[in-house]
Amino acid sequence: MDWLYNFSGWQLALMATAFTWALTAAGAALVFICKNVSDSAFSFMMSSAAGIMLASTFFSLLMPAMEMAPDYSYLILTCGFVLGGALIIVTDILIGKLKLFDGSANKRSCAVMCIAVTMHNIPEGLAVGVAFGALASGQTAGAVAAVMLAVGIGIQNFPEGMCVAFPLRANGLSRTKSFLIGQLSGAVEIVAGVIGALAVQAVNGILPWALSFSAGAMLAVVCSELIPESFAQGKIKATIGVIFGFALMMILDIAFG
């Protein structure tokens, strides 16, 4: 992997996050293959998204944040976690007051989930940018670790693209619009990655806050939107979906994290 050292940090981050975004788009593109989504399938997808987010909360966000945080890590994680959850609660209240999706709980759930997944991808992009920025600046020789981090996040993004695009399609959006919104949830990683590489020293201190913030947002969405909505369609199938989603993301996080 010596060829990696021929590029600057931001160029490496750009290439790596373009890869992670491409897998998000690949997952979202599956809406062009499936003709329709039944209520049962919608419930399974929503519950699977809940499982994916629950696993990401712990394995991808809180655990890395705890390892990165300096002294008083419990304060950093707690404050970031509470602020992230509070943001989703405030967002939910504002959506209700603005009546953007009045009369459609499913569309409201999808809107909040899109916001949360996008927010979740920002610290992931920062993490990739920091890894490759540090690699290019000679702070670490972990080329394999940096590449595997990008590969792991990219693989995780594939089901995330599905979990955003398919519920949107089930709620009446066209395949094209569902795909575009689904892939945009991963596009933010490109911007975040380049910023992370350019400001690698500063981001090292910010990352624990960003990761715990996203964890709070994830858990708030799962508890307030995804689980109630998916379990309303059937307890058994929804439980299977949560277990499936959690197990899938746990395997990916442990194997590639």
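What follows is a short dialogue on how to read a few features of a predicted model.

Visitor: Let's start with the overall fold. How many helices and how many strands does the secondary structure come to?

Guide: Keep in mind that this model is predicted. The chain has eight helices and zero strands, so reading along the sequence you get α-α-α-α-α-α-α-α.

Visitor: And how much of the chain is buried?

Guide: Of the 257 residues, 47% are buried. Contacts tell you something too: take those between residues at least 6 apart in sequence, and 86% of them join residues at least 24 apart.

Visitor: Now, how do I read a pair of packed helices?

Guide: You describe two packed helices by the angle between their axes and the distance between the axes. Here, try helix 1 (residues 9–28) and helix 6 (residues 175–198): their axes come within 8 Å and cross at roughly 165°. Angles over 145 degrees count as roughly antiparallel, so helix 1 is roughly antiparallel to helix 6.

Visitor: Is that crossing left-handed or right-handed?

Guide: The crossing of helix 1 and helix 6 is right-handed. On the helix 1 side, the contact includes Gly9, Trp10, Ala13 and Trp21. Helix 6 brings, among others, Phe179, Gly182, Ser185, Gly186 and Gly193.

Visitor: What kinds of residue make up the contact of helix 1 with helix 6?

Guide: They divide into 13 nonpolar, nine polar and one charged.

Visitor: Could we zoom in on one residue there? Where is Ser185 found, and is Ser185 buried or exposed?

Guide: Ser185 is found in helix 6. Its relative accessible area is 3%, and buried means under 20%, so Ser185 counts as buried.

Visitor: Which residues is Ser185 in contact with, leaving aside neighbours within four places in sequence?

Guide: Ser185 is in contact with Thr24, Val117, Thr118, Asn121 and Val164. Take Val164: Ser185 is 21 residues from it along the chain, and their C-alpha atoms are separated by 8.0 Å.

Visitor: What about nonpolar cores?

Guide: In soluble globular proteins, nonpolar side chains tend to be buried together. In this model, the largest nonpolar core has 32 residues, and Met53, Ile88, Val222 and Leu226 touch the most other members. The elements giving two or more residues to this core are helix 2 (39–68), helix 3 (73–98), helix 4 (105–136), helix 5 (143–170), helix 7 (200–231) and helix 8 (235–256).

Visitor: Which helix gives the most to this core?

Guide: That's helix 2, with 11 residues. There is also a second, separate core of 10 residues, including Ala16, Ala131, Phe132 and Ile153.

Technical notes: Residues are numbered from 1 along each chain as its sequence is written. This is a predicted model: local features need pLDDT of at least 70, side-chain atom pairs count only at pLDDT 80 or more; totals for chains, interfaces and linings use all residues. Side-chain values use heavy atoms; hydrogens and water are left out. Axes are lines fitted to C-alpha atoms, for helices over the stretch in contact, and angles run from 0 to 180 degrees between N-to-C directions. Helices (H or I, at least four residues) and strands (E, at least two) are DSSP runs, numbered from the N terminus. Angles under 35 degrees count as roughly parallel, over 145 as roughly antiparallel, 65 to 115 as roughly perpendicular and the rest as oblique. A crossing is left-handed if the near helix is turned anticlockwise from the far one by less than a right angle, and right-handed if clockwise. Contact means heavy atoms within 4.5 Å. Ala, Val, Leu, Ile, Met, Phe, Trp, Tyr, Cys and Pro count as nonpolar, Asp, Glu, Lys and Arg as charged, and the others, Gly among them, as polar. A nonpolar core is a set of buried Ala, Val, Leu, Ile, Met, Phe, Trp, Tyr and Cys residues joined through side-chain atoms within 4.5 Å. Buried means under 20% relative accessible area, exposed over 50%, partly exposed in between (1.4 Å probe, protein chains only).
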